[in-house]
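Please look over the structure shown here, and then follow the paragraphs below, which take up a pocket and two helix pairings in turn.

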Amino acid sequence: MNESKLEIKLAFIIGLRNIVSDEISRYADLHIIKKETDLFYLDFLQDLTTVKHLRSVARAYVIVQNSKYNPSYISNHKSILGGLIDIVIRNESNDAFKTFKISCAGSESKEVRGIAEYIQRTYGLVEKEDADIKIHIVKYDEIWEVGVQITPRPMSLRDYKLMNMSGAMDPTIAFAVNSLCGLDKANSYLNIFSGSATLLIEAAQCYPNIERFVGFDNDKKRISLAIQNIKKAGLMKRIQLKQKDIFDKPDLGKSDAITSDLPFGMAISKNEDLNNLYQYFVDYCQETLNKDGNLVIYTSEHQVLERIILNSKFKIIETLDLNFITSVNSYLRPKIFVCGFK
Ligand SMILES: C[S@@+](CC[C@H](N)C(=O)[O-])C[C@H]1O[C@@H](n2cnc3c(N)ncnc32)[C@H](O)[C@@H]1O
């Protein structure tokens, strides 16, 4: 039998490849073996702590690949899968995993049922649809891959999120927006349209050097949800939130960096015209961003925004085209715009 080596597989949102690559390069113990559009493969490590701390990655798995590792082969060599489960369990606290699920074609077949019985018997786990241990046996081209997700929940679900507000930003995207802002040399950070405070919390957690974090939103419910999230993150002393409307041009001083996840669809009030709202937003940023500062904007309505930016004092330094399916199964193709003064 060809010995297959263990690897770590990381899955992320299409468009964040360079962000993930940059984040990984900060850790001496992480080595990328292969890069795909939305997947990276890393050399295996016994201690998965660093992998679990990656903020730009949605999910991570311990995997092995081999042309022979079909479900029938794995049912006759169960220790191959057992080895992966052992690694994942060893790297979490004792009671993290109670249930398991096997994703595999023919999941009712004799072979797969045999594998499920083995897992139940060996690890005392219960088979369940929404499971803690997620196992996959899938074929990519001619190669079978057997893998186990290393965390019970996706890494992109953060502990500080008490409730999932509709329209809340994916935290891995918030991390990407913040990392494009030049925050290492910033002292002040403003987040316009702060919603549930994803961008503010991600920034305050990653940049202890920044003295002043301010955000505003005109929706009282969202402000109160954001306060709960900020409290949960232990950041009440560092983040100020204001209930303000962009049309009132709130006076919050100048900032070294501005980020925004722009409202669209349901998140804007009736009778509001998107063009007008985005124009107010860009005008406000022109007045409140410091000369050398960066403005980083995330939006699905990129054509409207791009037209307004091109007629403003800002230039577009870089754009990132993202592509993903939301939790309600709709396709989104938003963009991140990195801007500075012309
Ligand atoms: C796309 S959401 C931001 C989501 C946020 N990034 C998060 O992770 O929760 C846009 C936000 O803009 C706010 N908003 C809409 N119109 C506004 C206005 N005129 N002034 C201030 N905030 C506004 C909405 O209340 C909403 O929270």
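How many nonpolar, polar and charged residues are there in the lining of the second largest pocket? In this predicted model, the lining of that pocket has 6 nonpolar, 3 polar and 6 charged residues. The lining comprises 15 residues, and those that lie nearest the centre of the pocket are K52, M155, L157, R158 and D159. The volume of the second largest pocket is about 440 Å³.

The next place to look is a pair of helices, α4, which covers residues 78-90, and α5, which covers residues 110-123; their axes are 11 Å apart, and the two pack at an angle of about 45°. Because of that angle, α4 counts as oblique to α5, and the crossing of the two helices is right-handed. On the α4 side the contact is made by K78, S79, L81, G82, I85, D86 and I89, which meet G114, I115, Y118, I119 and Y123 of α5. Sorted by class, the residues of this contact are 7 nonpolar, 3 polar and 2 charged.

Further along the chain, helix α6 (residues 171-179) and helix α7 (residues 198-206) form another pairing, in which the axes come within 9 Å and cross at roughly 60°. That angle is why α6 is described as oblique to α7, and the crossing of α6 and α7 is right-handed. Here P171, A174, F175, V177 and N178 from α6 meet T198, L199, E202, A203 and C206 from α7, and this contact has 7 nonpolar, 2 polar and 1 charged residues.

Conventions
Residues are numbered from 1 along each chain as its sequence is written. This is a predicted model: local features need pLDDT of at least 70, side-chain atom pairs count only at pLDDT 80 or more; totals for chains, interfaces and linings use all residues. Side-chain values use heavy atoms; hydrogens and water are left out. Axes are lines fitted to C-alpha atoms, for helices over the stretch in contact, and angles run from 0 to 180 degrees between N-to-C directions. Helices (H or I, at least four residues) and strands (E, at least two) are DSSP runs, numbered from the N terminus. Angles under 35 degrees count as roughly parallel, over 145 as roughly antiparallel, 65 to 115 as roughly perpendicular and the rest as oblique. A crossing is left-handed if the near helix is turned anticlockwise from the far one by less than a right angle, and right-handed if clockwise. Contact means heavy atoms within 4.5 Å. Ala, Val, Leu, Ile, Met, Phe, Trp, Tyr, Cys and Pro count as nonpolar, Asp, Glu, Lys and Arg as charged, and the others, Gly among them, as polar. On a 1 Å grid over the protein atoms alone, a cavity is a set of points where a 1.4 Å probe fits but cannot get out, and a pocket is an open set with protein on both sides within 12 Å along at least five of seven lines; lining residues have an atom within 4 Å of a point. Grid points are joined across faces, edges and corners, and a volume is the space filled by probe spheres set on the points.
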